[in-house]
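Dear colleague,

Please find below the structure that I am passing on to you. A description of what was found in it follows.

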Amino acid sequence: MAPPRVYLAGPPFAEEYRRRAAALLRASGLEPVDPMRRDFRGHTAGHKREIVEGDLDDIRACDAVLAAFTAPDEGTAMEAWYAHSLGKPVIAYTGGTPTHPWTAYVAREVRADLDEAIRELSRVVGAATANRE
């Protein structure tokens with residue numbers, strides 16, 4: 001059985017978050033799905049459909065979303081809302097920034113610490129995949 005897949009939502013220039021989250025997810029037996037593998041930074045003009053539809057496809061194909069709300073970012077908010085609307089668990093990582101009411105609404109859990117967010121995500125995704133079997 002393939003490991004549960006987790007979409008990495010977050011600001012486009014959050015490389016450290018993406019690198020660290022991916023490593024922690026793999027160590028927890030989860031497969032990270034980073035939309036930045038389709039890197040359009042600096043040349044998004046004319047690619048909006050490809051960018052957004054690729055992200056939506058990835059979210060649909062994942063079991064959960066880890067959303068970094070460490071800085072304001074429209075894309076992260078939209079990705080978290082979309083996953084929430086599909087009934088997929090969203091775990092928000094804030095890095096200590098104050099939690100916006102919309103973040104608290106769409107996220108199953110909110111954690112300031114990335115390690116804690118991934119532990120919670122592992123618990124939530126593990127329970128969800130056990131219920132599917």
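**Overall fold**

The protein contains 5 helices and 5 strands. Please bear in mind throughout that this is a predicted model. Along the sequence, these elements follow the order β-α-β-α-β-α-β-α-β-α. The protein has 133 residues, of which 41% count as buried. Its accessible surface amounts to about 7300 Å², and carbon and sulfur atoms account for 56% of that area. When contacts between residues at least 6 apart in sequence are considered, 62% of them join residues at least 24 apart.

**The nonpolar cores**

The largest nonpolar core comprises 19 residues, and the members that touch the most others are Tyr 17, Leu 66 and Leu 121. At least two residues of this core come from each of strand 1 (5–9), helix 1 (15–27), strand 3 (64–68), strand 4 (90–93) and helix 5 (114–132). Helix 5 makes the greatest contribution to this core, with 6 residues.

Leu 66 deserves a closer look. Leaving aside residues up to four places away in sequence, Leu 66 touches Val 6, Tyr 7, Leu 8, Ala 9, Tyr 17, Ala 21, Ile 91, Tyr 93, Leu 114, Ala 117, Ile 118 and Leu 121. There is also a second, separate core of 14 residues, which includes Cys 62, Ala 67, Ala 80 and Val 90.

**Strands 3 and 4**

Strand 3 and strand 4 run parallel and are joined by 4 bridges. Ala 68 stands opposite Tyr 93 of strand 4. In a regular strand, side chains alternate between the two faces of the sheet. Strand 4 is covered on both faces: Val 90 and Ala 92 are buried on one side, and Ile 91 and Tyr 93 are buried on the other.

Ala 92 is also one of the contacts of Thr 103, which touches Phe 69 as well, not counting residues up to four places away in sequence. Thr 103 belongs to helix 4 (residues 101–106). Its relative accessible area is 6%, so Thr 103 is classed as buried.

**Salt bridges**

Side chains of opposite charge can pair when their charged atoms come close. The whole structure holds 9 salt bridges according to the search, and three of the pairs are described here.

The first pair to describe is Arg 18 and Asp 34, whose side chains form a salt bridge at 2.8 Å, N to O. This pair links distant parts of the chain, 16 residues apart: Arg 18 is in helix 1, while Asp 34 is in the loop between strand 2 (31–33) and helix 2 (48–61). The two partners fall into separate accessibility classes. Arg 18 counts as buried because its relative accessibility is 6%, whereas Asp 34 counts as partly exposed because its value is 23%.

Another salt bridge joins Asp 115 and Arg 20, with 2.5 Å between the closest N and O atoms. Here, too, distant parts of the chain are linked, since Asp 115 lies in helix 5 and Arg 20 in helix 1, 95 residues apart. Asp 115 has a relative accessibility of 26% and is therefore partly exposed. Arg 20, with a relative accessibility of 29%, is therefore partly exposed also.

The remaining pair is Glu 120 and Arg 111, whose side chains meet in a salt bridge of 3.5 Å, N to O. With a relative accessible area of 9%, Glu 120 is buried, while Arg 111 is partly exposed at 22%. This bridge does not stand alone: salt bridges with shared partners connect Glu 109, Arg 111, Glu 120 and Arg 123 in one network.

**A nonpolar patch on the surface**

Which residues form a nonpolar patch on the surface? They are Trp 81, Trp 102 and Tyr 105, which together have about 410 Å² of accessible area. Of these, Trp 81 is part of helix 3 (residues 74–85). Trp 81 counts as partly exposed because its relative accessibility is 36%.

With kind regards

Definitions and conventions: Residues numbered from 1 in each chain as written. Predicted model: local features only at pLDDT ≥ 70, side-chain atom pairs only at ≥ 80, totals over all residues. Heavy atoms only, no water. Patch = residues over 30% accessible without salt bridge, like charges linked within 9 Å, V, L, I, M, F, W, Y side chains within 5 Å. Areas by Shrake-Rupley, 256 points an atom, 1.4 Å probe, with all protein chains shown as cover. Salt bridge = Lys/Arg side-chain N within 4 Å of Asp/Glu carboxyl O. Buried < 20%, exposed > 50% of the residue type's maximum accessible area, 1.4 Å probe, protein only. Core = buried A, V, L, I, M, F, W, Y, C linked by side-chain atoms within 4.5 Å. Contact = heavy atoms within 4.5 Å. Pairing = 2+ DSSP bridges.
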